Amino acid sequence: MRVRYKAVVDEYAAAIRNGSLPAGARLPTHRALSVDKGISLATATRVYAELEAIGLVRGETGRGTFVRDISLPAGQGIDQLALAADVLDLNFNYPSLPDQKEQLRDSMRQLAATGDLESLLRYHPHAGRKTDRDIIATWLATAGIAASADDLLIVNGAQHGLTVAVMGLLKPGDVVAVDALTYPGFKALATLYHLELVPIPTGVSGPDLTALRQICQSRRVRAIYTMPTLHNPLGWVLSHAQRSELARITREFDLLVIEDAAYAFLVSRPPPPLACYAPERTVYVTGFAKNIATGLRVGVVVSPAGMRQPLERAIRATTWNTPALMVAIVCGWIKDGTIRKLESMKRRDARQRQAIAREIMGDGQWISHASAYFIWLPLPAEVRAERILHRLMDQQISVSTAEPFSTSSNVPHAIRLALGSVSLDRLRLALTAVKETINYEKDI
């Protein structure tokens with residue numbers, strides 16, 4: 001015979017799945033549930049624990065238990081790559097400028113006319129050809145990375161670079177310190193490779209480094225994953241003092257540092273990369289998806305000499321080498337100044353989009369950097385993130401809640417808005433709808 005608490009679980013699960021209990025609805029307290037259903041308080045707690053385990057509800061300390069939005073895939077929309085053409089995408093950033101497709105067409109013509117096409121059909125060294133690495137090293141120098149060709153490896157974009165770093169340098173069960181809100185792609189890697197992520201409390205200007213030190217004193221932390229220049233999603237840029245202190249902590253506790261610089265190009269004259277403060281232990285990862293185009297899957301990893309071999313083995317095991325045609329296009333654009341021009345144009349574009357966001361959203365509590373392609377929008381205490389997400393999807397607007405970014409058990413009610421994937425006119429429409437939806441939820 002089915003255990004009594006299972007019947008209560010089934011009753012609530014059915015109500016959530018058929019819409020009788022909508023996303024964001026607050027469920028009765030544990031004590032009220034026990035009285036209503038004639039079950040013990042311990043059994044009521046077990047009911048909610050099971051509903052949470054199967055992804056139907058979420059408990060919030062001091063607030064209660066709320067119905068999750070199950071109309072979207074896991075990750076609160078962050079996995080929705082195949083959006084309908086009429087959906088305004090404020091979820092993913094794939095910033096593109098109007099004439100980029102013509103630049104690609106011209107580059108392919110030039111490559112076909114003058115390039116060594118035969119060499120592009122063959123296997124290349126796992127880390128990439130030295131001539132290509134020499135060219136990319138000159139580009140890295142403009143970002144403050146003084147690397148030679150022997151210091152860097154070419155990979156299939158920044159996400160692949162992070163994968164290579166995890167595969168080559170970490171082991172299942174390793175403890176990695178990460179910001180309490182961080183890049184979802186690294187969270188996915190941690191799950192896949194069975195890493196334990198320990199959240200570092202964060203503020204608007206960076207991680208709490210005192211808390212990081214305490215974490216390292218109490219746990220055997222193997223590595224730290226960090227985005228010191230234009231953090232995603234909070235947009236901070238760590239100061240020289242913060243970078244120096246972070247480097248001291250990594251040396252004191254012998255931490256591997258994985259530095260993600262995917263968005264760093266958007267910041268004019270930032271402090272040097274963390275790799276300059278602790279070069280002997282830092283793996284620096286960046287790519288060309290945001291500053292050129294997401295379809296050009298080329299990235300670079302810069303590492304200390306002693307880490308090169310395991311990183312190369314990880315490249316061999318995953319892709320053997322980066323597609324040579326893509327690398328040739330990127331290197332051509334480095335040499336002729338196209339990338340420098342695109343980066344400058346995208347910095348202006350991002351600032352323009354931030355200005356639109358300020359104009360529409362006002363001077364509220366949202367968090368960002370003046371040159372970022374995203375903003376972080378904490379919601380009023382009475383507004384549930386899942387209800388905002390659901391109402392916006394009804395209006396054909398895709399956003400992300402805090403859940404895919406959160407590494408702690410207390411997920412804040414907030415949304416991240418990606419600004420770089422729609423036209424300026426459509427961005428205005430979408431941001432206006434976001435503001436109106438939040439105001440509506442505040443008033444009901």
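This is a short tour of one pocket, one helix and several salt bridges in a predicted model.

**The second largest pocket**

Start by selecting Thr142, Ala143, Ala264, Phe265 and Glu343. Of the 29 residues lining the second largest pocket, these five are the closest to its centre. The space inside this pocket comes to about 550 Å³. Next, colour helix H5 (130-141), strand S11 (282-287) and helix H12 (338-361), the elements that each give two or more residues to the lining. By residue type, the lining holds 15 nonpolar, 9 polar and 5 charged residues.

**Along helix H12**

Stay with H12 and pick the C-alpha atoms at its two ends. How far apart are the end C-alpha atoms of H12? They are 34 Å apart, which agrees with the 34 Å expected for 24 residues at 1.5 Å a residue. Then step to Gly362, which follows H12 and has a positive phi, near 80°.

**A salt bridge at Asp132**

Now select Asp132 and Arg129. Their side chains meet in a salt bridge, with 3.0 Å from N to O. Is Asp132 buried or exposed? Asp132 has a relative accessible area of 6%, under the 20% cut-off, so it counts as buried. Arg129 has 23% relative accessibility and therefore counts as partly exposed.

**Glu245 and its two partners**

Move to Glu245 and show the side chains of Arg213 and Arg248 as well. Glu245 forms a salt bridge with Arg213, and the closest N and O atoms of that pair are 2.8 Å apart. Glu245 lies in helix H9 (residues 240-252) and Arg213 in helix H8 (residues 209-218), so this pair ties together parts 32 residues apart in sequence. Arg213 is partly exposed, at a relative accessible area of 22%.

The side chain of Glu245 also meets that of Arg248 in a salt bridge, at 2.9 Å from N to O. Where do Glu245 and Arg248 lie? Both are in helix H9, 3 residues apart, or about one turn of the helix. Arg248 has a relative accessible area of 48%, and so is partly exposed.

Side chains of opposite charge can pair when their charged atoms come close.

**A network to finish**

Last, select Arg58, Arg68, Glu386 and Glu403. These four residues are linked in a network of salt bridges. To put the stops in context, a search of the whole structure finds 22 salt bridges; those visited here include Asp132 with Arg129 and Glu245 with Arg213.

Terms used:
Residues numbered from 1 in each chain as written. Predicted model: local features only at pLDDT ≥ 70, side-chain atom pairs only at ≥ 80, totals over all residues. Heavy atoms only, no water. 1 Å grid on protein atoms, 1.4 Å probe; cavity = no way out; pocket = protein on both sides within 12 Å on 5 of 7 lines; lining within 4 Å. Points joined across faces, edges and corners; volume = space filled by probe spheres on them. Helix = DSSP H or I, 4+ residues; strand = E, 2+ residues; numbered from the N terminus. Nonpolar A, V, L, I, M, F, W, Y, C, P; charged D, E, K, R; others polar. Expected span 1.5 Å × (residues − 1). Buried < 20%, exposed > 50% of the residue type's maximum accessible area, 1.4 Å probe, protein only.
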